[in-house]
Amino acid sequence: MIYRYIFIIIIVFVIGCASKDIQIQEDLTFRFDKGLKYFENKKYTRSKAEFDYIIMVDPGSKLANDSEYYMAESMFELEEYKEASTLFDKYIRFSTDLIKIEKARYKICRCAIELSNSYQRDQSQTLSAIYKLQLFIEDFPTSDNVVSAENAITSLRYNLARKDFESG
C-alpha cells in the first residue's frame, strides 16, 4: 500500500517537472529572440540583460552559448572591452560554429587594441594585442579581417617605437 503512494508521488513529481522544463525552454527562446531584436535595434543594454538572463537560467546549453556571443557583442558595442573579451573567449571554448569563432577571435583582438595604452604609458597591453593579432592571422590566414589585423599591428608597433623614441 505504501509503495502505491510513493509511486503516485513520484509520477506526479516527474510530470510536474517535465512541463516546467518545456515552459522554461519556450520562455528562453522567446527571450533570446527578444534579445536579438534589441541587439539589431542597437539597444545593447537591453539585449545584454536578456542574454544574461538566459545564461543564468540555463548555463551550458546551446542557447546560452549563443547568448554569450551576442552578450559579448553587446558589451563590445557598449565599450566594455575587458568583459567582452572574456565572454568571447568563453564562447570560443564551447562553440562549434567556425564562422562565429573567427568573428569572436577578431573581436578579442579588437578588444585588446582598445585596451592598449597610448604611447606615453605602459605598453604591456600593446604587446599583448600584437601577439593576439599575430595568432589571429596565423589561425585564419584567409579571413577578410587579415588586412585590418596587419594594419593594426603596424599601428601598434608604431606606438612601441614612439614610446622608445620619446623615452630616449
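The legends below accompany an overview and three close-up views of a predicted model.

**View 1. Overall make-up of the predicted chain, a succession of helices.** The chain holds 7 helices and 0 strands, so that its elements, read from the N terminus on, follow the order α-α-α-α-α-α-α. Of the 168 residues in the chain, 38% are buried. Among contacts between residues at least 6 apart in sequence, 50% join residues that are at least 24 apart. The accessible surface amounts to about 11,000 Å², and carbon and sulfur atoms account for 57% of that surface.

**View 2. Helix H2, residues 44-57, with its buried and exposed side chains.** Helix H2 has 14 residues, which at 1.5 Å a residue should span 20 Å, and because its end C-alpha atoms are 20 Å apart, the span in the model agrees with that expectation. The buried residues of H2 are Tyr-44, Ser-47, Glu-50, Phe-51, Ile-54 and Ile-55. Viewed down the axis of H2, these buried residues fall within an arc of 140°, and therefore they line one face of the helix. Thr-45 and Met-56, by contrast, are exposed and lie on the other side of H2.

**View 3. Lys-107 in helix H5 and the residues it contacts.** Lys-107 has its place in helix H5, which comprises residues 98-115. The relative accessibility of Lys-107 is 14%, and because buried means under 20%, this lysine counts as buried. When neighbours within four places in sequence are left aside, Lys-107 is in contact with Glu-73, Phe-76, Glu-77 and Phe-88. Two of these contact partners, Glu-73 and Glu-77, are glutamates, while Phe-76 and Phe-88 are phenylalanines.

**View 4. Asn-145 in the loop between helices H6 and H7.** Asn-145 lies in the loop that follows helix H6 (124-139) and precedes helix H7 (146-167). With a relative accessibility of 23%, Asn-145 counts as partly exposed, because this class covers values between the 20% limit for buried residues and the 50% limit for exposed ones. Once residues up to four places away in sequence are discounted, Asn-145 touches Tyr-106 and Phe-136. Asn-145 and Glu-102 are separated by 43 residues in sequence, and their C-alpha atoms are 9.4 Å apart in space.

How values were computed. Residues numbered from 1 in each chain as written. Predicted model: local features only at pLDDT ≥ 70, side-chain atom pairs only at ≥ 80, totals over all residues. Heavy atoms only, no water. Helix = DSSP H or I, 4+ residues; strand = E, 2+ residues; numbered from the N terminus. Buried < 20%, exposed > 50% of the residue type's maximum accessible area, 1.4 Å probe, protein only. Contact = heavy atoms within 4.5 Å. Areas by Shrake-Rupley, 256 points an atom, 1.4 Å probe, with all protein chains shown as cover. Expected span 1.5 Å × (residues − 1). Arc of directions from axis to C-beta.
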